[in-house]
Amino acid sequence: MQVLFVASECAPFIKTGGLADVVSALPKALRGEGVDTRVLLPGYAALGDLLDAASEVARFTDPVHGTTRLIAVEADGQHLILLDAPHLFDRSGNPYLGPDGLDWPDNAQRFAALAAAGAWIAREGLAGWRPDVLHAHDWQAGLAPAYLRLRGDDEVATLTTVHNVAFQGIFPVTTVPQVGLPWSGYHPDGFEYYGSIGYLKAGLAYADRITTVSPTYARELMSPEFGMGLQGVFSARRDAFSGILNGVDAQVWNPATDKALDATYTADTIERRVRNKRALEKRFGLETTDDAPLFCVVSRLTRQKGLDLLLTALPRLLARGARLVVLGSGDADLEVGYGEAAAAHPAQVGFQLGYDEPLSHLMQGGADSILIPSRFEPCGLTQLYGLRYGCLPLVGRTGGLADTVIDANSASLATGVATGFQFAPITTAWLADAVERACDVYADQAAWRRMMQRAMAQPVGWDNSAKAYSALYEAVRRERR
Ligand code: ADP
């Protein structure tokens, strides 16, 4: 089985969120299922060293974008194919935003080129390698199934995965001829979206199957509350639509070997974790105490993540003597809010603005609990890392958070199955209640320790989900034949 991933991010090369982790880890897990995956990525400036090391494998002439080079390179155990189009991708910084913080004005052209390259590889093959399945990730790859089907290519099967429906790639209707799409697809069952063109909509309309990253989010996407305008499309395609949970890269996220930790540990040597907690306290300048939990947040600072709720719940957290360390960046008001909270309560609150991969590992390995009060969360990865590191997740009951954390209520504590804390509805008051419940359980150190060990024993790797994707690839390939 040969599968081409078309995606805009892949860790560790280029990452703004969980998509990059999935695109990096899933191909490695699929190898165990006999699936040979290549990942097509834009040749961003940030991939400069790779671009230099790579060899050209093809040139394709797209009617819209001109002649473009495809180059192949192996790095970090991955087979990458890079779309070397300097006029589109040789720009520094974020893949989607210019230095002014706004979307690049030619994002429609940039990601149409990526999708067109994916469709071209699916049709023509690349140096003797041709995929059985094209797997498009998110809106940036959404046009790939449309390019194939609308040009009458029916051989290669296609799958679109939605990692977050909040990002849909909606562009003016004038884009249609610019990116070489036929008007025959401009209708409500095609890529038309309320008078515009929707790249994700195209991916949903033309793919053989659709997946998203958790079973609960799949159900939620069919409702107006979560579908963000696409609920009708998800519902119409419900027979071709399913949710498969993301996993974690068990090599990158392994507390027994993690070089970012002061002290590595296993479930049997969990007491060693305290050294990481001390390192975190020092790093954030907090007081040292074991009387109440040290909570952490590692996140984009946005409303989706519910971090405005946490700011308003903070007084109740502090009143219990608990502490909070926050790593992230995002909305200006939240960045200011957490900065001010840290300045007002330096012994109890620490804030680091920005993106820091090693620190994110130390936080998972040292904090007692990770707070994820998301209003919606397709899958979420940080709660999975939290489980694996014994940093008990405290989460809003939505999407993948609902599917992966077992709430510590009296029944689950008594039967010994709890792995974290859930709350719903997702409001400040219920969040603060859950924080207080966590403080109560923490006061019983033996119970907390049992929960940590149970959390660490949860199967959060890719094994089950890689099998599910592999079965889906087989099914769509069979149907195309
Ligand atoms: P999303 O993709 O919606 O941002 P996920 O939980 O799926 O959320 O994935 C977020 C990923 O980004 C995780 O790997 C998390 O550890 C990482 N991350 C988020 N913010 C930061 C940060 N400020 N520093 C380091 N890693 C971060």
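## The sheet

In this predicted model, 6 strands form an open sheet with parallel pairing, in the order E15-E14-E13-E16-E17-E18. Strand E15 (349–353) and strand E18 (421–423) are the edge strands, each pairing on one side only. From one strand to the next, the twist averages 15°.

Strands of a sheet pair through backbone hydrogen bonds, either parallel or antiparallel. Here E14 and E15 run parallel and are joined by 5 bridges. Gly-328 stands opposite Leu-353 in E15.

## Helices on the sheet

Helix H13 (residues 332–344) packs on the sheet and touches E13, E14 and E15. The direction of H13 makes about 140° with that of E15.

Helix H18 (residues 428–443) also packs on the sheet, where it touches E13, strand E16 (369–372), strand E17 (392–396) and E18. The direction of H18 makes about 160° with that of E18.

## The ligand and its shell

The ligand is surrounded by 19 residues, the closest being Gly-18, Asp-21, Arg-300, Lys-305 and Gly-354. The shell divides into 5 nonpolar, 8 polar and 6 charged residues.

An oxygen atom of the ligand is 2.7 Å from an N or O atom in the side chain of Asp-21. For the side chain of Lys-15, the distance from an N or O atom to a ligand oxygen atom is 3.0 Å. A polar backbone atom of Leu-381 is 2.9 Å from an oxygen atom of the ligand. On its own the ligand has 560 Å² of accessible area, and the protein covers 92% of this.

Two or more residues of the shell come from each of helix H1 (18–31), strand E13 (294–301), strand E14 (323–330), helix H14 (357–366) and helix H15 (382–389). E13 gives the most, with 3 residues.

Notes: Residues are numbered from 1 along each chain as its sequence is written. This is a predicted model: local features need pLDDT of at least 70, side-chain atom pairs count only at pLDDT 80 or more; totals for chains, interfaces and linings use all residues. Side-chain values use heavy atoms; hydrogens and water are left out. A residue is near a molecule or strand if one of its heavy atoms lies within 4 Å of it. A polar contact is a pair of N or O atoms within 3.5 Å; within protein, one must be able to donate a hydrogen and the other to accept it, and residues adjacent in sequence count only if both atoms are side-chain atoms. Accessible areas come from the Shrake-Rupley method with a 1.4 Å probe; for residues, only the protein chains shown count as cover. Helices (H or I, at least four residues) and strands (E, at least two) are DSSP runs, numbered from the N terminus. Ala, Val, Leu, Ile, Met, Phe, Trp, Tyr, Cys and Pro count as nonpolar, Asp, Glu, Lys and Arg as charged, and the others, Gly among them, as polar. Two strands pair if DSSP finds at least two bridges between them. Axes are lines fitted to C-alpha atoms, for helices over the stretch in contact, and angles run from 0 to 180 degrees between N-to-C directions. Contact means heavy atoms within 4.5 Å.
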